[in-house]
Amino acid sequence: MELRRVIALAKKDLKKTVREPAALFMTLLFPLIMALAFGVAFGGIGGVEVAGFDIGVVSLGDPQDPWAIQFVEAIHGTGVLWVKGYEDNKTAQGDLSQGRLSAVLVIPGDFGEGCSSYLAAPSEPSLWVNTSIRLYLDSGSMMVTQAIPHLVNNALLVTIHGELPQAMPSPIHLESPSLVEARNVSTFDYMAPGLFPFAAIFLTMLVAQSFVYERQTGLLRRILVTPTTSAEFMLAQVLSNMVVALAQVALVFAGAFLVGYRPYVDASVLAFSFLIVSAFSLCCIGFGLVTATIAKSDGVATGISFFFIMPQMLLGTFVPMGGTQLGRIAAQFMPSHYVTDALTSLLLRGAAITSPMILFDAAVVLVSGILILIVGVALFGRYGKT
Amino acid sequence: MIEGLSKRFEDVTALDDLSFEVQKGELFGLLGPNGAGKTTTLNILCGLLEPTGGRAYVGGHDVQREPGRVRGLIGVCPQDTAVYPFLTGRENVELFGSLHAIPGESLRKKTEELLEKMGLTEDADRQAGKYSGGMRRRINLVMGLVHNPEIAFLDEPTVGMDPQSRRAVWDFITELKGQGKTVILTTHYMEEAEELCDRVGIIDHGRLIALGPPGELMEEHGARDLEEVFIRLTGRKIREGV
């Protein structure tokens, strides 16, 4: 392996990316424009008009406790509070801090006892089992801080007394709400992680066009009569396309940041994003080689490459085609799906890089990337050189 | 050295039992009309094509068994100009020098030297896509020879060139021979072969129909030039075959 050859070929490919207008647009300008355009379209304004509030409910006691169930139904009965059940407070707090919820309500374990004790002796406060309900609110919304405590308190009173009393003592006390600073999550926040693989997907087309062009013009044959080995040639392709993928990640980040995208990012998240998109670029190079093997001209290569691009794009990025059952099943076979999934967990939910799901996603992308690349290299080496 | 080489593409016979030997330091011309099998022969010698039958040796190495060794010895100037249009002339040359692992400083010097010889110094930093046809052909030649190969395969190196460029290439090829390089040149310009080659092999329909120094062939066939030799042997003009 002669490193000088690899570097020379990789530099040649990078110069093509920068100097050829079509390649420059597809690889670098398109992702940037896309990030800016989508950010402006779906950014600060958000995609959904809210006509109520999502409230997370965590029941620390028996979830089948009839009093707790009645309380939740009363909350739901307000008509403006949409209940989402959670098994633990931590998860609910996570969603609250990411802006997915307006409030979190924690029903204590002795909630049922408190209600029962009141019903058994309504006029004997000394016999009541006193307890407290905790309420966490999104501090960034005046509507939430004003409306939700009042609505929850009303639901509590309806649960205990069966109707809304004027002023009645009660063993259940609603604590002063804790205010939580939640992120203002826009539609773009949900879309942005999918933009990274979306940009890289088009490497398939560019790799295919590049190989077909070199074959058509005799440049590939010219390289084949030098001492350059297939391994050196392919390694140069991989390196140059990885550099392009990294540039795409940086540009999408930069473009999104310019329009107000502020994900959970530190150095490790950035590094991980670069790595997983680089691994994904291996898939794209592999698909590009398969395309170049089949295609006999630039135009045909462009057409065939969309057989690989479209499923990756529609089932694995921000394009919401994976919403159906069939779509979700098909998405499991798209490497781009795992890139988007990992980046969504990292950038939107603030998940740790070492969490099992992130590592699983990364492993799937890397292994599939290597396998697809091997298939692409083998096919091109066997049938695509001439 | 070529022994009984044959090549068939489906039902077309491109080479038919072709045999000849080229000595070290010799400038050998492979002549014939278009489609005679000249480029197919070179492609087999470079390892780009597998022969249907026979064997080919370059620098004593079997082309099929030791392609790596062969590629280390040869320099190839393809018939169709193959240059990267988005690279400058200099970058194209340096790229192919790097593929032959020439060290940086030597590569720069050699590149400058060859660009100057081919009259391309002034345009060396322009993108090759903006070159004229003649300039492209000249840079095409330099790219194949920048690594100073022991054996040069030049496939119609002057086709489509203006007389001035052609003369510059002829001088360059003569200089290669002066340096002791082995040059195998294909051409359908008979005057080019007469001017440059120590020996020529004339092939037609994939078969070797004459072999020897141009002067001897002309004398043997009572011809004034190689074109006439071809007419005597085939009854056709060489360009008719085009």
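**Exercise 1.** How many bridges join strand E4 to E5 in chain B, and in which direction do the two strands run?

*Solution.* Keep in mind that we're working with a predicted model. Step one: find E4(B), residues 53-58, and look across to E5(B); 2 bridges join them. Step two: check the direction, which is antiparallel. Step three: pick out a facing pair, such as Val58(B), which stands opposite His61(B) in E5(B).

**Exercise 2.** Work out which strands stand at the edges of the chain B sheet.

*Solution.* Start with the strand order: E2-E1-E4-E5, an open sheet of 4 strands with antiparallel pairing. Now look at the ends of that order: E2 (12-20) and E5 (61-62) of chain B each have a single partner strand, so one side of each has no neighbour in the sheet.

**Exercise 3.** Describe helix H7 of chain A: what is its span, where is its kink, and how many of its residues are buried?

*Solution.* First, the span: H7(A) covers residues 187-201, 15 in total, and reaches 22 Å from first C-alpha to last, close to the expected 21 Å. Next, the kink: H7(A) bends by about 35 degrees, centred on Pro193(A). Last, the surroundings: 13 of the 15 residues are buried, which leaves H7(A) mostly covered.

**Exercise 4.** How many disulfides are there over all chains?

*Solution.* Use the cut-off: two cysteine sulfurs must lie within 2.5 Å. The count comes to 0. Try Cys283(A): its nearest cysteine sulfur, in Cys284(A), is 6.3 Å away, so there's no disulfide by that cut-off. Cys283(A) is also buried, at 0% relative accessible area. Then try Cys197(B): the nearest cysteine sulfur belongs to Cys77(B), 14 Å away. Cys197(B) counts as buried too, at 8% relative accessibility.

Definitions and conventions: Residues are numbered from 1 along each chain as its sequence is written. Chains are lettered from A and ligands numbered from 1 in the order in which they are written. This is a predicted model: local features need pLDDT of at least 70, side-chain atom pairs count only at pLDDT 80 or more; totals for chains, interfaces and linings use all residues. Side-chain values use heavy atoms; hydrogens and water are left out. The expected span of a helix is 1.5 Å times one less than its number of residues. The bend at a residue is the angle between axes fitted to the seven residues ending there and the seven starting there. Buried means under 20% relative accessible area, exposed over 50%, partly exposed in between (1.4 Å probe, protein chains only). Two strands pair if DSSP finds at least two bridges between them.
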